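Dear colleague,

I am handing over the structure we spoke about, and below it you will find my notes on what turned up when I went through it. Please read them with the model open beside you.

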Amino acid sequence: TPDEASSLPATLTSILAELVRSGGVVRAEEMNYDAANVACASMGGLPGYIEKGATPRIVTMVDDACPCGGTHVVDVRDIR
């Protein structure tokens, strides 16, 4: 609905602020394809652009994992 859409930025900001306040270890590790696919299950598995047999770099923040080649913080509280 339009009301939900207009309140979404504030809701997301609040959720993210709480995540940053509570903190959580950030891990980056290379995994074999099958292990990475399991680790990324919360987002529906690995995206199609990652080839089967690849060894993707998987970043886990708190309880969610996703493939990423970027630089990351050591703890979620480092985000400010």
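Strand β2, which covers residues 57-61, pairs with β3 in the antiparallel sense over 4 bridges. Please keep in mind throughout that this is a predicted model. Within that pairing, Val59 has Cys66 in β3 as its bridge partner, and the two strands β2 and β3 make a hairpin with 2 residues between them, where Val62 in the turn has a positive phi of about 60°. Strand β3 itself, residues 64-67, shows a covered face made of Ala65 and Pro67, while Asp64 and Cys66 belong to its uncovered face.

The hairpin belongs to an open sheet of 3 strands, arranged in the order β1-β2-β3 with antiparallel pairing. The edge strands are β1, at 26-30, and β3, each of which pairs on one side only. On average, and with direction ignored, neighbouring strands of this sheet are turned by 20° against each other. Between β1 and β2, which run antiparallel, there are 5 bridges, and Arg27 stands opposite Thr60 in β2.

Since you may well ask about the cysteines, I looked at these next. A search of the whole structure finds 0 disulfides. For Cys40, the closest cysteine sulfur is that of Cys66, at 6.5 Å, and this is too far for a bond because a disulfide requires the two sulfur atoms to be within 2.5 Å. Cys68 is likewise in no disulfide, the nearest cysteine sulfur being that of Cys66, 5.8 Å away. As for their surroundings, Cys40 counts as buried because its relative accessibility is 0%, whereas Cys68, at 26%, counts as partly exposed.

Turning to charged side chains, how many salt bridges does a search of the whole structure find? The search gives 3. In one of them Arg21 meets Glu18, with the closest N and O atoms 3.2 Å apart; both residues lie in helix α1, 3 residues apart, which is about one turn of the helix. Arg21 counts as exposed because its relative accessibility is 57%, while Glu18, with a relative accessible area of 42%, is partly exposed.

Another salt bridge joins Arg27 to Glu29, where the closest N and O atoms are 3.5 Å apart. Arg27 is partly exposed, with a relative accessible area of 43%, and Glu29, at 33% relative accessibility, also counts as partly exposed.

There is also a salt bridge between the side chains of Arg77 and Asp75, at 3.0 Å from N to O. Here Arg77 counts as partly exposed at 39% relative accessibility, but Asp75 counts as buried, because its relative accessibility of 13% falls under the 20% cut-off.

Finally, there is a nonpolar patch on the surface, of about 500 Å², made by Leu8, Leu12, Ile15, Leu16, Leu19 and Val62. Val62 is the turn residue with the positive phi that I mentioned for the hairpin of β2 and β3, while Ile15 has its place in helix α1, residues 2-22. At 45% relative accessibility, Ile15 counts as partly exposed.

With best wishes

How values were computed. Residues numbered from 1 in each chain as written. Predicted model: local features only at pLDDT ≥ 70, side-chain atom pairs only at ≥ 80, totals over all residues. Heavy atoms only, no water. Buried < 20%, exposed > 50% of the residue type's maximum accessible area, 1.4 Å probe, protein only. Pairing = 2+ DSSP bridges. Axes fitted to C-alpha atoms, helices over the stretch in contact; angles between N-to-C directions. Patch = residues over 30% accessible without salt bridge, like charges linked within 9 Å, V, L, I, M, F, W, Y side chains within 5 Å. Areas by Shrake-Rupley, 256 points an atom, 1.4 Å probe, with all protein chains shown as cover. Salt bridge = Lys/Arg side-chain N within 4 Å of Asp/Glu carboxyl O.
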